[in-house]
Amino acid sequence: MRTILKKSILLGIILIGFSLYAQNRHLDNFKPQDQDGIGVFEVQKDTVSTFDGVKVRVGGASTLQFQALDNENSGAAPLGKVGSNFNLATANLDLDVALYDGVRMHLRTYLSSRHHHETYVKGGYFQIDKLDFISEGFLEDFMSHATIKIGHMENNYGDAHFRRSDNAQTLFNPFVGNLIMDSFTTEVGAELLYQCDSGFLGMVGFSNGKLNQNVKESNGTTGGAAFLAKVGYDKQITDDFRFRLTGSLYNTGYAQSVYLYTADRAGSRYYDIMQSATATKDDFRSGRFDPGFKNKITAVMINPFIKYGGLEVFGTVELTSGRTLAETDRRKATQYAGELIYRFGNSENFYLGGRYNTVSAELTSGDDINIDRFQLGAGWFMTKNVLMKAEYVVQKYKDYPTGDLLEDGKFNGFMLEAAISF
């Protein structure tokens, strides 16, 4: 009864938000959460301010999948059987508040997700695009290109996280599943982004390297730190041609527990896949791979993005190394992914595409393994806020040791996903 009451209150907030702000939901320096947000990476700076007082934008997202997948392995360790049916519907609630001219707050709450059926906060941050709260016109020339973010927030490592599904917000992902090594984490930190008119951009940031915040000491410290950096070029060369290329770094000297590839508490889109027949609980990361760099990690990601007319190419090259405290030598993991998307229709409201994703890594056992995935996708934006998409996926596990659950593993089949975002 209490859960139903909570959901009813949240629904009431959303409906009130619609009634109060249906006429004008625009915020300065804000990434649209509908089809207009496709192709947007870092938030672009608005040249004209529209701030006229505190304004609250209530938004949200809802997503539901129908899954028809099958899985198999060599038979050394039996897998649980899976059939065709609907997955748990997921939902997000977003609050974006213009607090002052050039100062905005963002808060995202997962109302329901695969791993946490109960409501919990993903994270939030302050975004500062002007320093007029210090003094009108303070560092005006610098801040016309700079954006400061501070909070417990999603790290701006790489460009792949801009195109991934974030629980119920799935409109920006042309496919259903995220990458095999899904680099995404939320940590307490700060970032400074600078975007030049020429197209060059740079970002530096620091975080405390922790997903779960606490003040407990381990190995004589309450935690570690992570350094983030990004450099790149992003330019609309002609009306039809856009080119973007970035390189990013995430590096920790030491952290109590690194979550770069395991921080997504919303869970994988491929439910109950490649799980033991005797499993007593859901492996909510099923279908993904964690290289197991628990205490030290250095990760570099390079992302090219090209759009010519309706043709879109996006790539990921990720080179990672790290270790646990129990290990003396670093191990390596490498990920490559390439996407080819063709968007068509009067407003590019239809698309077809394919993605190839491969990971090679050394396990703690010393075994070198490979995972390959191929996805075919298609989508239809019924409106700017409503997307229907379909995916065929096949993923294969290679070179896993004899007796491992993933030895000669494979899953394949179809996914259907309906997504709403506003």
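Which residues is Leu260 in contact with, leaving aside its neighbours within four places in sequence? Tyr157, Asp182, Ser183, Phe184, Thr185, Tyr250, Ile297 and Ala299, where contact means heavy atoms within 4.5 Å. I'll come back to Leu260 in a minute.

Okay, some housekeeping. This is a predicted model, so keep in mind that local features need pLDDT of at least 70 and side-chain atom pairs count only at pLDDT 80 or more, while totals for chains, interfaces and linings use all residues. Residues are numbered from 1 along each chain as its sequence is written, and side-chain values use heavy atoms, with hydrogens and water left out.

Now the overall picture. The protein chain has two helices and 17 strands. Those are DSSP runs numbered from the N terminus: H or I and at least four residues for a helix, E and at least two for a strand. The radius of gyration is 22 Å, close to the 22 Å that the globule rule gives for 422 residues, so the chain is as compact as a globular protein of that length. That radius is taken over C-alpha atoms, and the rule is 2.2 Å times the number of residues to the power 0.38. If you'd rather think in box dimensions, the C-alpha trace spans about 70 × 55 × 50 Å along its principal axes.

Buried residues make up 51% of the 422. Buried here is under 20% relative accessible area, exposed is over 50%, and partly exposed is in between, using a 1.4 Å probe and protein chains only. The accessible surface comes to about 19100 Å², and 60% of that belongs to carbon and sulfur atoms; the areas come from the Shrake-Rupley method with a 1.4 Å probe, and for residues only the protein chains shown count as cover. Also, take the contacts between residues at least 6 apart in sequence: 66% of them join residues at least 24 apart.

Right, back to Leu260 and the core. The largest nonpolar core has 43 residues, and Leu260 is among those with the most contacts inside it, along with Tyr157, Tyr250, Phe289, Tyr400 and Phe411. By nonpolar core I mean a set of buried Ala, Val, Leu, Ile, Met, Phe, Trp, Tyr and Cys residues joined through side-chain atoms within 4.5 Å. Several strands each supply at least two residues of this core, including β8 (200-207), β9 (226-236), β16 and β17. β11 gives the most, with four residues. There's a second, separate core of eight residues too, and that one includes Tyr351, Phe381, Leu387 and Ala419.

Next, strand β1, residues 55-72. How many bridges join β1 to β3? Nine, and the two strands run antiparallel, with β3 covering residues 90-100. Two strands pair if DSSP finds at least two bridges between them. Val58 stands opposite Leu95 in β3. β1 also pairs with β17, residues 410-421, in the antiparallel sense over 12 bridges, and there the partner of Asp70 is Asn412. Then β2, residues 84-86, is joined to β1 by three bridges, antiparallel as well, with Ala68 partnered by Ser84.

A few single residues to click on. Met105 is in β4, residues 103-112. Is Met105 buried or partly exposed? Partly exposed, because its relative accessible area is 24%. Beyond four places in sequence, Met105 touches Leu95, Asp96, Val97, Leu99, Tyr125 and Phe126. So Leu95 turns up twice in this talk: opposite Val58, and touching Met105.

His161 sits in the loop between β6 (146-154) and β7 (186-195), and it counts as buried because its relative accessibility is 9%. The His161 side chain reaches the backbone oxygen of Gly158 at 3.3 Å. Outside its close sequence neighbours, within four places, His161 is in contact with Glu154, Asn155, Asn156 and Ser183. Ser183 was on the Leu260 list as well.

Last stop, backbone angles. Most residues other than glycine have a negative phi. Asn29 has a positive one, about 50°. Asn29 is found in the loop between α1 (2-21) and β1, and it is buried, with a relative accessible area of 8%. Asp408 also has a positive phi, near 50°, and its place is the loop between β16 (386-398) and β17.

That's my tour, over to you.

How values were computed:
A polar contact is a pair of N or O atoms within 3.5 Å; within protein, one must be able to donate a hydrogen and the other to accept it, and residues adjacent in sequence count only if both atoms are side-chain atoms.
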